[in-house]
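Hi,

Here is the structure I promised to pass on. Have a look at it first, and then read my notes below.

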Amino acid sequence: MFVNHEGGHYLEALKYVGKSITRIDAVEKVLGIAEYASDIELPGMLYAKLLLSPYAHAKIISINYEKALRVPGVVSVAVGDDFPFRVGLYVNDRNILARKKVRWVGEPVAAVVAEDLEAAEEAVELIEVEYEPLPAVLDVREALKPGAPLVHEELGEYAHSPAFNPIAGTNIANRFTLKKGNIVEGFNKSEVVVENEFYMPQVSHVQMETHVCIGHYMADGNIKIWTSAQSPFTVRYILSHSIGVPLHRISVYVPYVGGGFGGKAGINFEPLVVLLSKKAGYRPVKLELTREEHFLAAPLRQGFYAKIKTGVTKDGKIMAEKIFYAFDAGAYADYGVNVARAAGYSCTGPYYVPNIEAESLAVYTNHQWGTAFRGFGHFEFLWAIERQMEIVASKLGIDPVEFRLKNALLPGLTTATGEVLREDAGRVDQCIEAVAKELRWGELTPTNDPKKVRAKGIAALWKAPAMPPNAASSAIIKFNEDGTVLLSVGVTEIGQGTVTSLAQIAAEELGVPIEKIRVVPFRHTDLTPYSWQTVASRNLFMEGRAVIRAARDAKEQILEIASQVLRAPKDDLIIKDEKVWVKGRPEWSLHLKDIVAGYVYPNGNTIGGPIIGRGYFVGTRLSYLDPETGQGYPALKWTFGAQGVEIELDLETGEVKVLKLVSAFDVGKAINPMLVIGQIIGGGIQSLSLGMWEQYVYDDKGRMLNPNLTDYKIARAGDIPEEIIPIIIENPQSDGPYGARGVAELSMLSVPAAIANAIFHATGVNINDLPLTYENIWKALNKKR
C-alpha cells in the first residue's frame, strides 16, 4: 500500500528509481555461488579454537597449556599476556584475550592454533586454568549501587572518545544527560503524573552466519584480514590504533555477509586472529564460531531498564517528562556507550515534550559485552515510551490514538535536543492514522470461544542515524570500454539490499540500463571508496547522495568530450539510453561506448580518456551535543513510523496469536518498493520474535542456560501473523537521494509495545517486562485475578 503526499509527483517520470527491481545479488545467493568469509581457504592456513571462562568474574591465578602443546598438529597456544593490547570502539577497555581476570562467562581466556580444527578442539580441552572467583554484578540496578563490585577498576585510565563520559570508580561506562525547558515548572503545570518502570533482557543477533574471520600478519609487516564484518574501515582503524601499525599496511577484505543486525558493526575477533597469525609464524589463522560459541562469546544486544515519569494536563497535553535509562553494556563498552547516547537524545520518542530531564547510562556488568543491534537503543526505549503513552492515555480516559496524535512531533516543533524539526522531515501523524485506519481502530471483533478475546494495539516510533558529525560516504563510478559500468561503494551488503537501490540511482543518473551496472560485490579497504560504517540506516541516504555526485561527475566528463565531437555546448546535450545527443536532434548523437574510454577520430587522434566519476557526502551542519544539556543537532534525518496489531489472547493459558500486523513508515521516497516491503515484513517478524520469545536466560552465577537454537526461542513459520500489511508513506525529504530517507532499522521498533498495548486493552493488565512469553502473560493475568 502506498500513500504519496505532496512533493511525490515529480518522481513519476523516473525510469529506475521507484521501481520494484529484483535484488542484483539474488541469483548469486540462490545458486550458492556468493562468497562468504567461511568459504575462504588460504594456502598454509591454520585454525583457531577458544577456551572460554566458566566464571562471570574471577582472577586468573595461572594458566598451564603444556599438555595442549603436545597434541599433534598444534602450532601455538596464546594467552592474554601474549597480547598486551587493548581495543575499543569508543572506550579502550577490551583485552584481546582475558588478562588478570575474566569478566563474563564465555570470555576467551586462551586460544589454540593448529593445522586442523580437530587438533585445536582436542588441545583447548587440555588447558588448565586456576581461578579465584570474585563477586559478580549481574543487574544494572545492582551495578549502580554504592559499593557494587567494579567490573573495571582501571576505568579512569582508559583512553576514550571525548563524546563519551565514563565515570571512574563506578560501573558507568557512559553517562548522557539531557535538559530542555524547566522540568519543575512543567510538572507544576501537570494535572496528572504517571510513573512506571520497564525492563528488557539481553538477546542475540542470531545471524544466519556466525562470526568468521581470517588474519594474516605477514613477515614484511603488512596485515591482511578477511572477515564477516559490517564496517571494514572501522576494523582497519581500530586495529591500527590498538597495535600501532599504520593504516596503509592493513588491508581488510569483506565478501558477502550472512546477516549483521549490528552484531558485526564494530571490531570483534579480528585483532585476535591477526596476532595469532604472528605468533604462529606468520601463517594465516581462521576463527569460525560455532552457534554455541556465538551465543557465549560474541557480542549481543544490551539488556535495558527504564523509569519514566510523565506529567500531563487533563485534556492530554504532555507537559514534562523525567526519564532514566540504563543499558546493560556487559563486560566491555564497545557500542554500548553510543547506544545509551542515541537513546538519550531521542528519549521522548516521536512526541513533543516541552520540559525534559533525561539521564541515559551504559553500565558495566558481568554479562557478555553488548554492541549495536538493529534499532540502536530505539527498540529498547520505545518499548518503555510506547507502554508509558498507553498507560497515561488510559489514566486520562483518552483514546490512545487520539492521545498520540495530540502530542505528535510535527514539522516546526522542537525535538528533545532543541532542533526545530524541518518541514520535510516526515509525518508521524500520517503513519499513526494509516495504521489505525487499516486496523479499523475502535471496531471490536468478537470471538466464538469465551476463553479467548481479541484486541488491537498501536505504537509509534522514530529514529535518526547515530553517527558523528563527520561520518562520510563515498562512491566511484568507472565506465568499461563497452559502456557498461562498475559502481564501487563502501556500504557492506548484509542482506538489507542497499546496493540494489544504489544501482537504481546510478542507472537513473547515467541513463544506462540497470542490467549494465555491476556493483562490486566485495569491500576491500585498499580499493573500495571510504564509508564510515554500515550502521544506523544511513547508507541509502549517504551513499545515495555520493552515488549521485559520482554519476554527475562522470557525466560532466562525458559531456566535455561529446561537446567537442558534436560541436555543441554542454548545456545543449543530454545523456539518455546509452547515448549523448543534441537536444531536439537525436540523429546528432554518440554512443557512450565510443566516448567513455576516450573518443577516437577517424584519423586516430584521441581526446578524453577513461571516465571515472567520484562523489562523497557528509551531513550538513550536524554538531556535537552539549555535555551538560544534550542540546545540539545530532540528526542527519528523522524517520517516522507506526505499527499496530490485532491479537487473539487465550485468557486461561496466556497464549497470544498475532492475527494481523500493520506497519506504516514515511520513507520519503521508496527507491525500490519491493525491497522496502521486504524490510517491513522481515523487520516486523523479527520484532515479534524479540518481543515474545527471545532472551538470554542465566543462573545465579551468570551462566547462560540456553546457548542453542533449541532452548533460545525465535519465531518459527507458524508464528508469522496471518495478515501482514506494509504501508509506504512518501513525503520526500529534499536533501535525500530522490527524496529518500530509508527504513531498514525502523521496520522492527515497536511491535512488542503494540502487542502489550493490545493485551492491556483486552484485560486491563499492564505488562512492562519483556519477553511476552505465554508463561509471563499467564502469570500477569493470574496476578490480577
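The second largest cavity holds about 40 Å³ of space, in what is a predicted model. His 211, Val 212, Cys 213, Thr 227, Ser 228, Asn 268, Phe 269 and Glu 270 form its lining. By class, that lining has 3 nonpolar, 4 polar and 1 charged residues.

A search of the whole structure turns up 2 cavities of 30 Å³ or more. The largest cavity encloses about 150 Å³. It is lined by 16 residues, and those closest to its centre are Arg 94, Asn 95, Ile 96, Asn 268 and Phe 269. You will recognise Asn 268 and Phe 269 from the lining of the second largest cavity. Two elements each give two or more residues to the lining of the largest cavity: strand E6 (94-95) and helix H7 (270-279). The lining of the largest cavity divides into 12 nonpolar, 2 polar and 2 charged residues.

I also went through helix H10, which covers residues 378-396. How far apart should the ends of its 19 residues be? At 1.5 Å a residue the expected span is 27 Å, because the count used is one less than the number of residues. The end C-alpha atoms of H10 lie 26 Å apart, which agrees with that. As for its surroundings, 17 of the 19 residues of H10 are buried, so the helix is largely enclosed by the rest of the structure. Just after H10 comes Gly 397, with a positive phi of about 75 degrees.

Happy browsing, and best wishes

How values were computed: Residues are numbered from 1 along each chain as its sequence is written. This is a predicted model: local features need pLDDT of at least 70, side-chain atom pairs count only at pLDDT 80 or more; totals for chains, interfaces and linings use all residues. Side-chain values use heavy atoms; hydrogens and water are left out. On a 1 Å grid over the protein atoms alone, a cavity is a set of points where a 1.4 Å probe fits but cannot get out, and a pocket is an open set with protein on both sides within 12 Å along at least five of seven lines; lining residues have an atom within 4 Å of a point. Grid points are joined across faces, edges and corners, and a volume is the space filled by probe spheres set on the points. Helices (H or I, at least four residues) and strands (E, at least two) are DSSP runs, numbered from the N terminus. Ala, Val, Leu, Ile, Met, Phe, Trp, Tyr, Cys and Pro count as nonpolar, Asp, Glu, Lys and Arg as charged, and the others, Gly among them, as polar. Buried means under 20% relative accessible area, exposed over 50%, partly exposed in between (1.4 Å probe, protein chains only).
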